[in-house]
Amino acid sequence: MPRPMLSGLTVTRRTVLASLAALPLIIAAGCNNGGAGSAAGASDVKIGFIVKSATEPWFQSEWQFADEAAKKYGFTLVKLPATDADQLMSALDNLAAQGAQGVIVCAPDTKLGPSIVAKCEEKNLKLMSVDDRLVDAGGKPLDKVPHLGISASEIGKSVGEAIAAEIKTRGWNAAETGAAVLTVDEIETCRLRTDGAAGALEASGFNKANIYRTPWKAPNDINTAVDAANIVLTQHPNIKHWVAFSSNDDGVLGFVRASEQRNIAAKDVIGIGINGTSGKDDLKKATLTGFHASILLSPKTHGFGTAEAMYKWIKEGTAPTAETYTKGTLIDRKNFVEALKAEGMTP
Ligand code: GLA
């Protein structure tokens with residue numbers, strides 16, 4: 001390999017690396033633009049962050065924390081929503097045209113995995129998935145794409161256990177208690193959550209025949225969750241007490257809003273969500289609602305963490321961890337303020 005030349009002198013590779021290593025210090029000393037983590041030349045790094053819904057608070061929080069990583073390291077973050085395959089593919093083209101070197105994706109359809117991988121290879125974009133793991137046409141996870149998601153079964157299990165504990169506290173009669181489960185079975189992380197919760201509920205002795213599943217067809221919208229909930233509520237008029245769980249807060253909020261429209265009292269509903277990002281608004285309300293609790297996830301790890309890992313991959317060549325699964329914390333009216341603050345979020 002020819003030796004690189006600097007100022008007309010032949011220098012060793014080690015000298016060049018040593019000079020490059022000194023650059024961040026020189027530049028950071030000259031411009032105080034990005035805090036302690038600023039790196040020289042970071043401004044030529046551009047990273048895309050594509051999410052399946054720009055309106056869901058979870059993704060807004062993820063973006064907010066990814067922005068913090070961009071600020072810390074001084075790279076450019078391009079946030080793009082993609083609600084369908086066409087938008088996703090044009091977002092990738094758009095990023096490549098802008099000179100981005102990497103992209104983090106939560107796809108609107110995980111089966112787009114092979115097309116996303118092919119496009120990123122063609123355009124020389126490094127690819128990571130967040131939240132929803134990309135799969136092939138047969139549903140098999142694309143394990144070559146680094147992924148960060150939640151420990152879905154475990155978190156689902158804690159939802160089921162918390163519901164079982166609250167049923168006990170309220171002293172409900174099993175025969176009159178039903179469970180509404182708003183499912184999104186086409187996405188693995190969502191299916192594992194509701195299966196985990198249903199399994200824990202059954203293990204607590206909950207009557208299996210009273211667990212009613214209903215598919216939530218457009219799962220980035222509370223209104224469609226209200227529709228799914230109404231199907232279950234209409235079919236089971238004899239149920240007096242309801243528990244509700246889903247893949248996230250919004251599914252449970254759909255059930256809670258539907259129960260309110262039918263004048264079912266909040267004390268007769270135990271809804272436990274996942275995310276914390278939309279559920280916290282019900283926990284804040286002066287009047288009790290059926291939204292009893294949520295599992296607060298870490299949008300900081302999902303947003304800042306993935307953006308940071310992508311930056312280091314581009315800048316330092318260090319590939320991200322192949323698979324990372326995050327945990328959650330049960331929040332309710334008593335502890336949500338403290339727990340959200342601990343996650344760097346505004347309660
Ligand atoms: C899925 C859900 C989101 C959120 C993330 C967390 O994408 O749709 O609401 O729960 O998982 O990873």
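**Exercise 1. Place Asp132 in this predicted model: which loop holds it, and is it buried or exposed?**

Start with the chain. Asp132 sits in the loop that runs between strand 6 (126-130) and strand 7 (147-150). Next, check accessibility: the cut-off for buried is under 20% relative accessible area, and Asp132 comes in at 3%, so it counts as buried. Now look at what surrounds Asp132. Leaving out residues up to four places away in sequence, it touches Lys52, Cys106, Ala107, Thr110, His147, Ile187 and Thr189. With Lys52 there is a polar contact between side chains, at 2.6 Å.

**Exercise 2. Find which residues around the ligand put a polar side-chain atom 2.6 Å or 2.9 Å from a ligand oxygen.**

First list the surroundings: Lys52, Glu56, Trp58, Phe59, Asp131, Asp132, Ile150, Arg193, Asn248, Asn275, Leu297 and His302. Lys52 and Asp132 are both on that list, and you've just seen them joined by a polar contact. Then go through the distances. In Asp131, a side-chain N or O atom is 2.6 Å from a ligand oxygen. For Asn248, the distance from a polar side-chain atom to a ligand oxygen is 2.9 Å. For Asn275, it is 2.6 Å. Finish with the cover: on its own the ligand exposes 310 Å², and the protein buries 99% of that.

**Exercise 3. Work out where the buried residues of helix 4 (residues 113-123) lie around its axis, and what covers them.**

Pick out the buried ones: Gly113, Ile116, Lys119 and Cys120. They span an arc of only 135° around the axis, so they're on the same side of helix 4. Turn to the face pointing away from that side, and you'll find the exposed residues Glu121 and Glu122. The cover over the buried residues includes helix 3 (85-97), strand 5 (102-105) and strand 6. Just past the helix comes Asn124, with a positive phi near 60°.

**Exercise 4. Classify the ring pairs Phe75–Tyr311 and Trp242–Phe255, and say which parts each ties together.**

The model has four aromatic pairs. Take Phe75 and Tyr311: centres 5.2 Å apart and planes at 20°, so they're stacked. Phe75 is in the loop between helix 2 (57-73) and strand 4 (76-81), while Tyr311 is in helix 10 (residues 299-316), so this pair ties together parts 236 residues apart in sequence. Both rings belong to buried residues. Now Trp242 and Phe255: 5.6 Å between centres and 55° between planes make a tilted pair. It links strand 10 (residues 241-246) to helix 8 (residues 249-261), parts 13 residues apart in sequence. Trp242 is buried at 2%, and Phe255 is buried at 0%. One last step: ring pairs link Tyr73, Phe75 and Tyr311 into a cluster.

Note on methods. Residues are numbered from 1 along each chain as its sequence is written. This is a predicted model: local features need pLDDT of at least 70, side-chain atom pairs count only at pLDDT 80 or more; totals for chains, interfaces and linings use all residues. Side-chain values use heavy atoms; hydrogens and water are left out. Helices (H or I, at least four residues) and strands (E, at least two) are DSSP runs, numbered from the N terminus. Buried means under 20% relative accessible area, exposed over 50%, partly exposed in between (1.4 Å probe, protein chains only). A polar contact is a pair of N or O atoms within 3.5 Å; within protein, one must be able to donate a hydrogen and the other to accept it, and residues adjacent in sequence count only if both atoms are side-chain atoms. Contact means heavy atoms within 4.5 Å. The arc is that of the directions from the helix axis to the C-beta atoms. A residue is near a molecule or strand if one of its heavy atoms lies within 4 Å of it. Accessible areas come from the Shrake-Rupley method with a 1.4 Å probe; for residues, only the protein chains shown count as cover. Rings of Phe, Tyr and Trp (its six-membered ring) pair if their centres lie within 6.5 Å; planes under 30 degrees apart count as stacked, over 60 as edge-to-face and the rest as tilted.
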